[in-house]
Amino acid sequence: METETSSFETSEMLSTFLASTPLLSESWRLCNISNTSTPRGFLTEQIGDVGYIAFSGIQTVGNSEPSCRNLVPLMESDGNALFIPLHRLNEGEEPVMVHAGLLQLFLSMHSSTSFQNQMLALMEKSKPIVITGHSLGGTVATLCTLWLLSYFQSVSSPLQVLCITFGSPMLGNESLSKAVLRERWGGNFCNVVSKHDIMPRMLFAPEASFTQLHFLLQYWHLSMNCPRFGMLAQLHDEDKAELFRLVLCHLEVIAQAGEEVAKSLFWPLGSYLFCSEEGAICVDNAVSVIKMMHLLLMTGSPYSCVEDHLKYGDYVEKVSLQYLNQGSFMQADIPESSYESGVAISLQSLGIYSQEKVAKPVKDCLKTARRMGLRPNLNAAKLAVSLAKINPYRAQIEWYKASCDESDDHMGYYDCFKLRDNSKKGSKVNLNRHKLAAFWNNVIKMLDNNELPYDFNRRAKWVNTSQFYKLLVEPLDIAEYYRTGMHRVKGHYLKHGRERRYEIFDRWWRERKVSVDENNKRSKLASLTQDSCFWARVEEAREWLDNIRSERDPRKLAFLWENIDAFEKYARKLVDNMEVSRDVLLKNSSYNLWVEEWSKLKSQPKKFSPQFPDYVNGEVIP
Amino acid sequence: MASLNLEENIEIDTELIKKAYSLAVKAHSKSSEKAYNVEGSRRSSDPIIFSFSGCWSENGWYDGEPFGVTEINLPLLFPSLRSIGVNENALVNKAFLQRFVDKILGNSNFDREVQKAVKENKQILFTGHSSGGSIANLATIWFLEKYLRSDSPDNYKISPSSPLCVTFGCPLTGNHIFSHTLRRENWARYFIHFVMRYDIVPRILLAPISSIKLEFQKVFEFLNAKSVNLAHASIDTFDASNFYMKVMKNASSVVSHAACNLMGNTNLLLETVSNFIPLSPYKPFGTYVFCTGNGKLVILRNPDAVLQLLFYSSQLCTEEECADIAQRSLQQHFGYENELQDSFQMLNEVYLEPLEQIPLSSDSTSSDIATINSALNDLGLSTRARLCLCAARELEKRKIGNKESIDLKKPDIERAMKFLEEDYQLNGRHRGLGCYDAFKLHETPKDFEANVKRLELAGIWDEIIEMLKRYELPDTFEGLIDWVLLGTRYRRLVEPLDIANYYRHLKNEDTKAYMIRGRPKRYRFTQRWREHADRNKIPAESSGESCFWAEVEELRIKISSQGFEPIKKEVLQLEDQVLDWINNNKLDRDVLLEKSTFKKWWEDLPREHKLTSCIKDLMVVVGRSP
């Protein structure tokens, strides 16, 4: 594996790229203006094609203190459904939580008409939009970006958004960070953090005292608004030292826990650009970000950790001018391996000398980050190869379907598989089903972990293959579910048994590019039933039919009638449009048996639905 | 007689280069009068030199669009300037292309003079200074397209030194596909670009016009004045510095973005940010000779490495140098004569390639790399810059590695194809069926086995296609005759099975006709390979014989819904093609078997049509034979 990872350390190169663009310096310029001229608000500006919105760093966080005691589940506080994509949950995952005060800050801003109007104006004029903010303004910017991304997703807008924050506190928990990765939004957040700034690290210490924070914020706000005023609210040295110690101590615990247990309530989101007097590096792996925050703070002091929060202007200017110079090396000995010299350059950019105590752990940290970023493209290519290897399993299932659909018992492959004996054929197919499921689950896992190219789920090859797999194999999954009686244990398949992969494939299929003129009428039955959940619906309808015989409560009976009626209409439409495969219509298929039973039932209206004649004849008899 | 050795068997007489330079400068200084000049003597051993002038105006460089590029869509003039499989045309500077088409090709004398030189089999040299160099590039490509065709009547005898294109301080001309194409056709070696360490002109197009608009006019006025009269021109230091800094800043974005990709950075931010800022699409090609300023010549060809070098060699040592270097970046554009004079006296050339031994530290002293190290120092390359060169090298190596691993799969491909060609075909014959119909019926275990082989092959070919789409195979790959042939065989053999599968599963009703929505890229790519390889013999899009069955199926569907008359034209066309394909063995005769879908479909056509059909004999003869 080692040879397949890149043999270069690129965190510094990426920051060089960022710094050579106007994005960082323009963002900071506007943040700075917003700090002085629009406290508690924001401003917008259009530069070339790019629209900017900058939130002031001076914000009041409700009545509550900005400590982490008040994290709230995003889903419950999101009354206006602004963040729908973040509500989706994986099995066993903690819900997405965000800082209550910071969320409130954004929500109240969002509800103002001036914000709405200016956002609309910006979206009309600009192709891409940069959302930025210093300090607390940065977290507002992050929420604003999450909202815009959610909105753009819902209306399929091609607009691009980039969030650039400067020295902002953490916003939410690990689930939030994961959800962002899952939506492929990880690349839309760039958090600039200076070497010693305590603000972005603050929320890692749960018990930082309210008074300390209050004074700190006051000092920063006054300094941002007008540097001279800052002096009025200087903090006591002891307080600074206490705060520094506290944050460092907590960070250390979290950094050492590493990946195994996320002990922190808060978790980094997106990429982090760490900057020093000497340059900058850019890291996106969350665990490495926390480690880096810890290691860099170790080189700071109670004084610098407070002052660094106000120095982003200097840092940005320095990195923006770096491109002109060759840059000389402080240390004489440059390692001969290209990877090690890349690491040496990164360390130099962080202003860390190789003799320093933190040098070694910083190097290790960069190494981990690199390993985590295994080349997604390579993975995709490898997946294509393994897909080719498992394709024969799918072909065997196709073969199985064809032979069942043609066999003399006229049952079709769904019922054959459901009622199979211990024949070799059936268990072979079952084995193949498992192998395919393992393959596709692995694809989903890799995607969740950001190990595949960001446009993977838009590539026609994968969208089509996954759809075909779903249509062919999901019926077998349903058959197995009902065969083993899982529906009695967990509930019906549709609600309780459907694997996440199928829902994801549904989404890929829905979101694919479709040309307008795609409404050909079918001339023959489809080769695979176009609704892969068809059989699950049949199973539920069968249950309703059973229940209707024993049910006496008229209200419940009415409900069952309604359900059955709806299913019948749905199924008939599929059949009429020839969107079902031939197995559905075979003589002994579950569906056909159901239809027969249902019409028998309907022909005895007196017995079963004396109260509801309207459902029988389609007309109301008084 | 001294000569400059460029390796790869290319040697050029230094006197010739000097002469080319003086002619190029002369052409450029009189650009208002003539777009090109020819110089040559009666002696047949003497070369003939075409020198081209450029121009100094904003819309002579940036014609619309931030970087002034346009898609080359001139299949007659430049049929090769595209990525074959991906089917994407190269981008080229629009103004330069326009100038070449209007002023050079539009002048009938030019064509005549070139033809004359070709007839006399003279060594032909195209040259240009500044944007004249870009015109020379295009002229050379035009020449190669025209005279290297095997069917060209005067079949020019090429040699490693003819034709040649020599440019001085030439701006970038085309994008990555442009560069890829020239390497694929093995034409890159005809181009030699001299670039002074600080000369800004070869770097200008790395910046979008919007970023340098303020200074552009003044700088170009200065450069223009200077090209007319060397002595009498000056420019404000402030403007010069701003211009230099802005070009460098944009160049920095381009090369650091490229380096991130070369080095395999996986951060999604890279992608997002590149959507926010316009990045120059230009990419170098050919052999670059960097003049260090102290008599050394640093030579390299790797386009990724050259791009990096264009930026890093112009960086400052210290900030204080800025004003001075900015002035020099403009002055050096006219400094080639002296520099070449010095360099050719010493002939102190350093080859950076194969880029295997790039010392990362500027004070590496080990003797075997001392020469390279001192050359890199002379270009002011920092460790960062050297790492970028290494990254370019790694990419090249990776591409070669990919090619090797694909070559190793050839036996697998052959084996699977052999099964289909022999076992499967034979099995079908026993049942009186061709492969297509046997596979479509899918009745026996052999059909299942064939399907597995089809999927195996698809896996291998899809992997190749994926690599090509990402340009992760050597540039030459799509021109390699063994792969073109294998691809063609594969396509003719297996595509019918894919079509059978498609129509067996009625995928045409889920999506659309095979040809519109269903045809896999592995067949589209391989078809284009062949059409490009034989571009002189067959017209484009003409070798779709492997899609024969898809056409039959679609015609069948159309006739059953619309009747014969409206479709008649298409039927006639297909019949013509079938006749041709059968006669040329591109289509197997099993399509004519009694039970074949095609045969059955044809038999159902109206009688009066069949009587006059061009394939009626074919149908009858085979039909009667046992």
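By contact I mean heavy atoms within 4.5 Å. I start there since the opening residue is described by its contacts. What you have in front of you is a predicted model. The predictor gives the complex an ipTM of 0.89 and a pTM of 0.85.

The opening residue is Asn191(A). Which strand holds Asn191(A)? Asn191(A) lies in strand β7 of chain A, which covers residues 189-194. Setting aside residues up to four places away in sequence, Asn191(A) touches Thr165(A), and it also touches Leu269(A), Gly270(A), Ser271(A), Tyr272(A) and Leu273(A). Is Asn191(A) buried or exposed? The relative accessibility of Asn191(A) is 8%, so this residue counts as buried; the cut-off for buried is under 20%.

Staying in chain A, I have three more residues. Tyr151(A) sits in helix α6, residues 136-154. Its relative accessible area is 37%, and therefore Tyr151(A) is partly exposed. If you want a distance to check on screen, take Tyr151(A) and Met202(A): they are 51 residues apart in sequence, and their C-alpha atoms are 30 Å apart.

After α6 comes a loop that leads to β6 (160-166) of chain A, and Ser156(A) is found in that loop. The phi of Ser156(A) is positive, near 50°, and the residue is not a glycine. With a relative accessibility of 61%, Ser156(A) counts as exposed.

Ala81(A) also has a positive phi, of about 55°, although it is not a glycine. Ala81(A) belongs to the loop between α3 (74-77) and β4 (97-99) of chain A. At 38% relative accessibility, Ala81(A) is classed as partly exposed.

Now to chain B, beginning with the whole chain. Chain B has 626 residues, and buried residues make up 60% of them. Its secondary structure comes to 26 helices and 14 strands. Along the principal axes, the C-alpha atoms of chain B fill a box of roughly 90 × 55 × 45 Å. Take the contacts in chain B between residues at least 6 apart in sequence: 76% of these join residues at least 24 apart.

On the surface, chain B exposes about 24,300 Å², and carbon and sulfur atoms supply 49% of that area. As for charge, chain B carries 79 positive and 85 negative side chains. How far apart do the centres of the two sets lie? They lie 3 Å apart.

On confidence, the mean pLDDT of chain B is 88, with 94% of its residues at 70 or more. The pLDDT falls below 50 over residues 622-626 of chain B, and this stretch has 4 contacts in the model beyond near neighbours in sequence. Where pLDDT is low, the predicted coordinates should not be read in detail.

Next, one strand of chain B and its partners. Strand β12 of chain B covers residues 287-291, and 5 of its 5 residues are buried, so the strand is mostly covered. Which residues point which way from β12(B)? Thr287(B), Val289(B) and Cys291(B) point one way, while Tyr288(B) and Phe290(B) point the other way. Residues on both sides of β12(B) are buried.

One partner of β12(B) is strand β11 of chain B, residues 191-196; the two run parallel and are joined by 5 bridges. Within this pairing, Met196(B) stands opposite Cys291(B) of β12(B).

Another partner is strand β13 of chain B, residues 296-300, which runs antiparallel to β12(B) and is joined to it by 4 bridges. Here the bridge partner of Val289(B) is Ile299(B) in β13(B). β12(B) and β13(B) form a hairpin with 4 residues between the strands. In that hairpin, Gly293(B) takes a positive phi near 105°.

My last residue is Asp423(B), in helix α15 of chain B, residues 410-430. Which residues does Asp423(B) contact beyond its neighbours within four places in sequence? They are Lys418(B) and Lys446(B). From C-alpha to C-alpha, Asp423(B) and Lys446(B) are 8.7 Å apart, with 23 residues of separation in sequence. Asp423(B) has a relative accessible area of 38% and is therefore partly exposed.

To go back over the main points: Asn191(A) is buried in the model, and β12(B) is bridged to β11(B) and to β13(B). The part of chain B to treat with caution is residues 622-626, with pLDDT below 50.

Terms used
Residues numbered from 1 in each chain as written. Chains lettered and ligands numbered in written order. Predicted model: local features only at pLDDT ≥ 70, side-chain atom pairs only at ≥ 80, totals over all residues. Heavy atoms only, no water. Buried < 20%, exposed > 50% of the residue type's maximum accessible area, 1.4 Å probe, protein only. Areas by Shrake-Rupley, 256 points an atom, 1.4 Å probe, with all protein chains shown as cover. Lys, Arg positive; Asp, Glu negative; His and termini not counted. Charge placed at Lys NZ, Arg CZ, Asp CG, Glu CD. Pairing = 2+ DSSP bridges. pLDDT = per-residue confidence, 0-100.
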